[in-house]
Amino acid sequence: MIIAVIPARGGSQRLPGKNLAELDGRPLLAYSVLLAQQMKAVDRVVVVSDGAGILTAASRWGAERCLLPQFLADGAHMLETIQ
């Protein structure tokens, strides 16, 4: 089984709210979810985030969601979480 994991933390400092920012009527997160869903080798798509709004959007676009504990939500620890 192949699982596509999309890390999408909510605390961007350079562009706050970027995962939910809309582009052509869709949040940016949706483009990652939809692309992963189209890959034939991928069985499941999971969005990992510390943001409730991001996780809600992930569900709306058909991804599973996984709440990231706050102490792991900074950029340095995000990659460690999914490895």
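A residue counts as buried when its relative accessible area is under 20%. In this predicted model, Asp50 is buried yet has no salt bridge. The salt-bridge count comes to 1, and that bridge joins Arg44 and Glu64. A nonpolar surface patch is formed by Met1, Ile3 and Val5.

**Asp50, a buried charge**
- Asp50 sits in the loop between strand β4 and helix α2, the latter covering residues 52–60.
- The nearest side chain of opposite charge belongs to Arg9, 6.0 Å away from Asp50.
- A salt bridge requires the nitrogen and the carboxyl oxygen to be within 4 Å, and the Arg9 side chain is 6.0 Å from Asp50.
- A polar atom of the Asp50 side chain lies 2.7 Å from the backbone nitrogen of Gly10.

**The salt bridge**
- In the pair Arg44 and Glu64, the closest N and O atoms are 2.8 Å apart.
- Arg44 belongs to strand β4 (residues 44–49) and Glu64 to strand β5 (residues 64–67), so the bridge ties together parts that are 20 residues apart in sequence.
- Arg44 is partly exposed, with a relative accessible area of 31%.
- Glu64 is also partly exposed, at 34%.

**The nonpolar patch**
- Together, Met1, Ile3 and Val5 have about 310 Å² of accessible area.
- Ile3 is part of strand β1, which spans residues 3–7.
- Is Ile3 buried, exposed or partly exposed? Ile3 counts as partly exposed because its relative accessibility is 39%, and the partly exposed class lies between the 20% and 50% limits.

Technical notes
Residues numbered from 1 in each chain as written. Predicted model: local features only at pLDDT ≥ 70, side-chain atom pairs only at ≥ 80, totals over all residues. Heavy atoms only, no water. Patch = residues over 30% accessible without salt bridge, like charges linked within 9 Å, V, L, I, M, F, W, Y side chains within 5 Å. Areas by Shrake-Rupley, 256 points an atom, 1.4 Å probe, with all protein chains shown as cover. Helix = DSSP H or I, 4+ residues; strand = E, 2+ residues; numbered from the N terminus. Buried < 20%, exposed > 50% of the residue type's maximum accessible area, 1.4 Å probe, protein only. Lys, Arg positive; Asp, Glu negative; His and termini not counted. Polar contact = N/O pair within 3.5 Å; in protein donor to acceptor, adjacent residues only side chain to side chain.
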